[in-house]
Structure formats: structure tokens, C-alpha cells
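Colleague: I'm new to reading protein models and would like a close look at one part of this one. Could you pick a residue, walk me through its surroundings, and then show me how other spots compare with it?

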Amino acid sequence: MEVRRRPVKPSHTKGSSTSAAAVDRRSSSPKASDALPLPLYLTNGIFFTLFFSVAYFLLNRWRDKIRNSTPLLHVLTLSELAGIICLVASFIYLIGFFGIDFVQSFICKSETDDDHHQFVLHEDRSIHCSPPPPEKPPTAADLPPDDEDLVKCVVSGEIPSYSLESRLGDCYKAAKIRREAVQRLAGRSVEGLPLEGFDYDSILGQCCEMPVGYVQIPVGIVGPLLLNQCEFSVPMATTEGCLVASTNRGCKAIYASGGATCVLLRDGMTRAPVVRFSSAKRASELKFFLEDPLNFDTLSVVFNKSSRFARLQGINCAVAGKNLYIRFRCSTGDAMGMNMVSKGVQNVLDFLENDFPDMDIIGISGNYCSDKKPAAVNWIEGRGKSVVCEAVISGDVVAKVLKTTVPALVELNMLKNLTGSAIAGALGGFNAHAANIVSAVFIATGQDPAQNIESSHCITMMEPVNNGKDLHISVTMPSIEVGTVGGGTQLASQSACLNLLGVKGANKESPGSNSRLLATIVAGSVLAGELSLMSAISAGQLVKSHMKYNRSSRDITKIGS
């Protein structure tokens, strides 16, 4: 909320031209004192005299009518009617003269909302677009006449932008036409957003709709990461300076200490529809039916027919009044599996309607899954791949590579990752920066970036071992959601990164082993990132390293000019 005082004199700058115009309009608007072409003191005297004399006259006439018992008191003579008109006119003048502005608003509407306020109380609840920086309007591309006609049709709305691919049969041409139409509609240039060098056919109907280009994100390599006696060069797509370098230092420390060990605890994707009944009793009956081991085989047959890889593992239910939330968990091979499990769930719901015809299916997802949002059910029960990764870092490596000490790391981890996160009320966030590494690996390998939310659930543990000489570090991640087939994994760049890790596509000999290996690589990379960042904070190097490696030395003002 802002209280501002009206300036006495209008400013001559461009920014105050509006207020200056308002002042001019205010000064030219009619006032009560303009009622007669006489000096102000004479006008005031006339209307004061008129008001009181007419009021006295009308009161006397009313009193006489009452005394004489004149019938029809409401019938007015011509003199009385003229007196009432003069009384009203003088009353309006006097009220306007004493500054009650709403009366004048009936006489003459003000052209601005704040012309009559000495102080303006203003609370801005609207969203203001900042004035765009001066830029040259985008120049029309040199297009063939046919393409130019298409662009004009898209701009006018004659051809929907989303239908260009089906109309033209050429995804690249559709992106080019749409790109030009967007520039003309927005009046802004998208120069710098690449168009060439991308296979737009590969994303049609699968990855992205209505493309106009693609965004470039640099990919760095960390490693070798020695994990379960195997070496991996891990790709990380990021724009955050120091992240790759820091994770690489963690990989170096792990390698020098003999490597890390990673164990897969669970592997099951979930989907939880919500259904409703007429009573809580009926909802409970379905819960007991679904959780009865005697019915599991029948439900598995119905669920598994949706895919040759989907295998139902279990069903957990939660009741909320008349509503029932059913959490299905199943293995999905090398796919991340959201579509696969959803098809299986739909099969089971269709089957249940035979025995529970009063069941009302509210939604295929009731947020008890829980997908792309922090949830305790994922933290406790797991979703996707549940992984624990550990390593023992020797004291010499802690001192020489990480530039800190074992006691300092253990104390920092307790006060920061455990106590600090607890004070903050963290849900699955008992770590330093697991999301950094998870996001970078996800983008590089074609995973769903939004699933970084639950995939980054992680608790980092550190404790001294071997009489306090060495450091035991572990990360426990209960819900890493990854796949090596489907979605963005098929794109050329992401497929190349998966191939670098040796997990490209589906494993025909052992379905699901590629996605499980990718989950362990993610956890191992997180372990390296946690180790390095915690060491930098412990040694007081965090700010210094970011100032050195995460700040551009280029003169931005010269680049902009």
C-alpha cells in the first residue's frame, strides 16, 4: 500500500505527462463558484442571502397553511414552487462551495478518478507489464509466397497453429511457419532460439506440441564414478556454474577411496485413483476386497493384461469418508511407467464395476500416488526405484582432496542436513543439494524434469568409522523415477547420453535392468555431489569457488550494445 502526496506543480518529464494533463483538466473543470459571472464575494453573498430568505419564506407559508387549516397542503402555488427551486439551487451551491465533491460529480463528471483528492491512498492489485526495452521490430523472414500466405492465415486465425503439422505433413516447415507467426503476433523477435538442426518429426505426438525451436543446455561430464566396481562417465545438463566441477571432485574422492556401493531396495511405480460411494461402509467393503490376499491373483490377471512388462505388486487403500483412494504399485520394465500403470488401473476399475456398480470413479489419479509433488507417502513407501548408496572415504582423501576433516563433516551434516532440515519442516529434504544433481542427470538423459520433486527425496548420513579416521557417507533415496525407453529418452541428444552410460533403450535379456542401473547411477552421482558440497561448506570455500567459477567475466554492457 502506498500513500503519496499530489505534486504542487506538474513535472515536465515524459513519465509525468499523464499527471500534468490531469492537473490541466482539473483546472479547466467547472466549479460551484462559476455559477454567476460575478466576483466570488458577490456570488457567495447572493446565494447565502437567497438560501436563508427562501427558507424563511417557505417556512412562513407552511405555518400559515397549518394555522388556516388549508386543505391539500401539498398543492404548491407558483411562488412556492419558485422558492423551492431557488432553495435547492442555493443549497447545491453552498455544499459545493464548502468542498463536498460528490455533489459536483452529479453536475460534471470528473475526467480523472483522483482529481479531487489532496492525498491519494493507492493499493496496487494489478499486474503491470514493465515497458519493453527499445528494440527493432522483427523483420519478416524471406518466405516463399505459399509460406507467406500460410503465415498470414495463422496470424489471422484462419488456420489454427496446432494443425500445421497435419496440414503440411512436414514438421520442420510447420515449426518455421509457426515461429514466424509468433514473432508477428507478439511483435518480438525470437532470434537466438535455434530452429535448424533438430528432428521435429521425433517429437510429434510424443514430446512437445506446437514447437518453434529448441533450447540449448550445455552438458558436462563427471567421473569416472566408481560404482559397484564399474566406472561411469555421468552426463549432467545444467547452467549452474560449479555444479559439474564440484560433483566431479566428489567422484574423484570416491574413486580414490575404492568406490561406492549401491543397492536397489524396491522397484515399483504407483497410481492411485479415487472412487466414491454412497456411504463410508460401502467404501470400506471395497477396501477389504482389494486388500484381501485371496483376490490378488484375480486382480493381477486383469491388471497385467495391459502390458507385457506391467506386473502388479500390491494394492494399498486409504478411506476418507465415502471416498476410497486405491494405490496400485507395479513393475514397469525399463519404462518410467506412468502410462503403463495407468492403463492397468483402468482395467481393474472397469472390472470392479461389475461387483460394485454403485462405485463412482472420480479420477484416475487422486494424488495418493503421489506424482510430481512432495508427499510423505513417497518418502515412506517409495515410488519408482528406492535406492541406498554408500562409500567410505579415507581420512587422507578427506584432507587432501576435499580440504576438510572428518569431524567437521560429521558435525556439519548433523546440524545442517538433519537438524536444520527438521527445524525447517522438510519433507524428504534432509540433504545439501540432491535436486541439483538429479535435475542435471534427468535433463541430460531425457527424464521428466518435473519428477525431480519426488526423485530428489534424500537423506544424507555421515559418521566417523575406523576409530574416527575415515568417513562413512550414505544417501538414501526412496523414489527415483527414471526410465530408459519412452518420452524424451528417444531424442538424439538424450539417447546419446544414455548410450554413454550403457543404459540406452530396453534390456531384452533382463527387462528393467537398464532403468534400475540408471537409478543407481543417479544415486551415486548424488553421493558425489553431497560429499563435495558439504566439504566446500565445511572448509569455507563455497562462496569463494562460486565467485571464481559461477560469475561471468564478460562485459555484459558491451555485449548488449
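Modeller: Sure, let's start with the whole chain and then zoom in. This is a predicted model, and its protein chain comes to 20 helices and 13 strands. Out of 561 residues in the chain, 40% are buried. Take the contacts with a separation of 6 or more: 71% of them are between residues 24 or more positions apart.

Now for the close look, at A440. You'll find A440 in helix α15, which covers residues 434–445. Is A440 buried or exposed? Its relative accessibility is just 1%, and the cut-off for buried is under 20%, so A440 counts as buried. What does A440 touch, once you skip residues up to four places away in sequence? The answer is P235, M236, A237, T238 and L243. Look at those numbers next to 440 and you can see how far along the chain you have to go to find these partners. Another thing to check on screen is N452: it sits 12 residues from A440 in sequence, and the C-alpha atoms of the two are 9.6 Å apart in space.

For another buried spot, try E148 in helix α5, which runs over residues 145–156. E148 has a relative accessible area of 18%, so it falls under the 20% cut-off and counts as buried. Its side chain has a partner too: a polar contact with the side chain of R184, at 2.7 Å.

Next, go out to the surface. L81 belongs to helix α3, residues 78–97. With a relative accessible area of 42%, L81 lies between the 20% and 50% cut-offs, so it is called partly exposed. L81 also helps make a nonpolar surface patch of about 740 Å², together with L76, L78, I84, I85, V88, F91 and I92. As for the surface of the whole chain, about 31000 Å² is exposed, and carbon and sulfur atoms supply 58% of that.

Last stop, the cysteines. A disulfide is a covalent bond between the sulfur atoms of two cysteines. How many disulfides are counted here? The count is 0, going by a cut-off of 2.5 Å between the sulfur atoms. Two cysteines you can click on are C171 and C230. C171 is buried, because its relative accessible area is 5%, whereas C230 is partly exposed at 39%.

Note on methods: Residues are numbered from 1 along each chain as its sequence is written. This is a predicted model: local features need pLDDT of at least 70, side-chain atom pairs count only at pLDDT 80 or more; totals for chains, interfaces and linings use all residues. Side-chain values use heavy atoms; hydrogens and water are left out. Patches are made of residues with over 30% relative accessible area and no salt bridge: like charges are joined within 9 Å, nonpolar side chains (Val, Leu, Ile, Met, Phe, Trp, Tyr) within 5 Å. Accessible areas come from the Shrake-Rupley method with a 1.4 Å probe; for residues, only the protein chains shown count as cover. A salt bridge is a side-chain nitrogen of Lys or Arg within 4 Å of a carboxyl oxygen of Asp or Glu. Helices (H or I, at least four residues) and strands (E, at least two) are DSSP runs, numbered from the N terminus. Buried means under 20% relative accessible area, exposed over 50%, partly exposed in between (1.4 Å probe, protein chains only). A polar contact is a pair of N or O atoms within 3.5 Å; within protein, one must be able to donate a hydrogen and the other to accept it, and residues adjacent in sequence count only if both atoms are side-chain atoms. Contact means heavy atoms within 4.5 Å.
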